[in-house]
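Hi there,

Here is the structure I promised to pass along. Have a look at it first, and then read on for my notes.

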Amino acid sequence: MRFALLTTLLLSLFSASTPLFSQCANLITDDRVLDGTHILKTTTQTLVVRGKYSYSISLQSGTRGITARMFSKAGVEFNQDDEIIFMDVNQQRRSYRFIDIGEMKREGVTPVYHNLLQLDMAAIEWFEKGNITTIYIKNNISNQIRKFTINQSRRAEFEALVTCFHQTLQPENVKDTELVGNVIEVKQPSKSKPEEASKSQSKPKEPSAAANPANDREVAALRKQLSEVKAQLKAEIEREKAKAKAIKARLQEEVELARQNAAEQKKKYAADVVAAREKAQQEISAAQQELTEKVSEARANASTEMEKITLDVQEARQRAQKAIQEAELKSAKE
């Protein structure tokens, strides 16, 4: 009886957990331990779709701890140190930063920006039970924030993705990078009694001398710091531009100098060739003159007609050779 009861209980538990295992098998794309580090990756889950653009996420664990790959299809670009702020049903907000420069690929003609978001184990636990309703994309260069609400069906899909990731993860093999200071405190308006509310409405509210000036000073200090950082970045960019311009000018000068040297060297080679051919021509002319004199002398002494014909042939060859040499000299000069 006890054995039958235990068997029934085990079968019921197995049948209840089977759909989750099957679902997780479809959501996990990589699951292995390498050098004591759990390498775990999920599929990409869409969080927001608005018209032609969308935002999606995939979770992963590796040498850089727990991270998330965020994708922006035809949306905004993800810069290093930009933030994604998640908000749950209880209005709690937590901020996570991009840790890489960011990359872009194309799907057809549509740009898809993606970057790596640093998370930790606490983030996964919060995602799993927090029922995330909203994400904010904060650009820390332009200081712009965009708000996107996640609909109910995509919330359920995201929670299933996080649950599978969390249950598959091996905590003892995770290089967790614990984040601090990423919980954003939101002050809730205090509830007052009706009498106090009516008094506060009838009586002008006096500015708080203890809080507002301090906040103003903090905001002013942050703005001043931001202005100084922008000025510093602008100056560095101008210096790099000037440096690049100087390098470009120097390279152009070197190229022009190389061209001039090559032209002068080419001219020198041509002059040497002409001089060598002129010298050769002079030597050939001298040899031809000497040979002509010998031929004339031999002709005068020729006693037979055959000797005269032979001498005429030799003289014709000499004239042809001379004409060829003169043509080559003229071509070299040109």
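Strands β6 (residues 83-88) and β10 (residues 132-139) run antiparallel and are joined by six bridges. Within this pairing, Glu83 sits opposite Lys138 of β10. Please keep in mind that this is a predicted model.

The two strands belong to an open sheet of five strands, where the pairing is antiparallel and the order is β11-β10-β6-β7-β12. What stands at the edges of the sheet? These places go to β11 (144-149) and β12 (183-184); each has a single partner strand, so one side of each lacks a neighbour in the sheet. As general background, strands of a sheet pair through backbone hydrogen bonds, either parallel or antiparallel.

Now to the cysteines. A search of the whole structure turned up one disulfide. It joins Cys24 to Cys164, with an S to S distance of 2.1 Å. The link ties together distant parts of the chain: Cys24 lies in helix α1 (residues 2-27) and Cys164 in helix α3 (residues 152-168), 140 residues apart.

You may like the geometry too. The torsion about the S-S bond of Cys24 and Cys164 is about -85°, so this disulfide is left-handed.

Are these two cysteines buried or exposed? Cys24 has a relative accessibility of 9%, and because the cut-off for buried is under 20%, Cys24 counts as buried. Cys164 is buried as well, with a relative accessible area of 0%.

Happy browsing, and do write back with any questions.

Best wishes

Technical notes. Residues numbered from 1 in each chain as written. Predicted model: local features only at pLDDT ≥ 70, side-chain atom pairs only at ≥ 80, totals over all residues. Heavy atoms only, no water. Disulfide = S-S within 2.5 Å. Helix = DSSP H or I, 4+ residues; strand = E, 2+ residues; numbered from the N terminus. Buried < 20%, exposed > 50% of the residue type's maximum accessible area, 1.4 Å probe, protein only. Pairing = 2+ DSSP bridges.
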